[in-house]
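Hi,

Here is the structure I promised to pass on. Have a look at it first, and then read my notes below.

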Amino acid sequence: MKTKLLKFLREEDGVTAIEYGLLAGLVAVAIIAGAGLLGTDLGLALSKIAGKVSTAVGP
């Protein structure tokens with residue numbers, strides 16, 4: 001029983017899987033944050049262009 005417990009404590013496969021899961025989660029958070037900032041900046045740029053086009057055409 002003691003040898004099985006020691007073998008279980010030395011097992012590292014589960015730890016590696018957890019590390020990969022945490023890394024994937026951090027990458028996902030970074031992508032989501034970057035996409036949010038890019039979307040906001042892109043929206044502002046397109047609004048600025050739309051405003052200039054509408055004033056250039058005029059009624």
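**What I found**

Let's start with burial: of the 59 residues in the chain, 0% count as buried. Keep in mind as you read that this is a predicted model.

The overall build goes well with that. The chain has two helices and zero strands. Its radius of gyration is 26 Å, well over the 10 Å that the globule rule gives for 59 residues, so the chain is more spread out than a compact globule. If you box up the C-alpha atoms along the principal axes, you get roughly 85 × 10 × 10 Å.

On to the surface. The chain exposes about 5,600 Å², and 74% of that is supplied by carbon and sulfur atoms. As for charge, there are 6 positive and 5 negative ones, and the mean positions of the two sets are 3 Å apart.

Two surface patches turned up, so to speak, one nonpolar and one charged.

**The nonpolar patch**

This one is formed by L42, L46, I49, V53 and V57, which together have about 500 Å² of accessible area. Take L46 as an example: it sits in helix α2, which covers residues 13-57. Is L46 buried or exposed? With a relative accessible area of 52%, L46 is exposed, because the cut-off for that is over 50%.

**The negative patch**

Here E11, E12, D13 and E19 gather on the surface. Among them, E12 lies in the loop between α1 (residues 2-10) and α2. E12 has 58% relative accessibility, so it counts as exposed. How far is E12 from K2 in space? The two are 10 residues apart along the chain, and their C-alpha atoms are separated by 18 Å.

**One more residue to look at**

Y20 is worth finding on the display too. Y20 has its place in helix α2, and with a relative accessible area of 58% Y20 is exposed. Y20 and R10 are 10 residues apart in sequence, and from C-alpha to C-alpha they are 19 Å apart in space.

**In short**

To recap, you have a predicted model of a chain with two helices and zero strands, more spread out than a compact globule, and with 0% of its residues counted as buried. On the surface, look for the nonpolar patch that includes L46 and the negative patch that includes E12.

Cheers

How values were computed:
Residues numbered from 1 in each chain as written. Predicted model: local features only at pLDDT ≥ 70, side-chain atom pairs only at ≥ 80, totals over all residues. Heavy atoms only, no water. Helix = DSSP H or I, 4+ residues; strand = E, 2+ residues; numbered from the N terminus. Rg over C-alpha atoms; globule rule 2.2 N^0.38 Å. Buried < 20%, exposed > 50% of the residue type's maximum accessible area, 1.4 Å probe, protein only. Areas by Shrake-Rupley, 256 points an atom, 1.4 Å probe, with all protein chains shown as cover. Lys, Arg positive; Asp, Glu negative; His and termini not counted. Charge placed at Lys NZ, Arg CZ, Asp CG, Glu CD. Patch = residues over 30% accessible without salt bridge, like charges linked within 9 Å, V, L, I, M, F, W, Y side chains within 5 Å. Salt bridge = Lys/Arg side-chain N within 4 Å of Asp/Glu carboxyl O.
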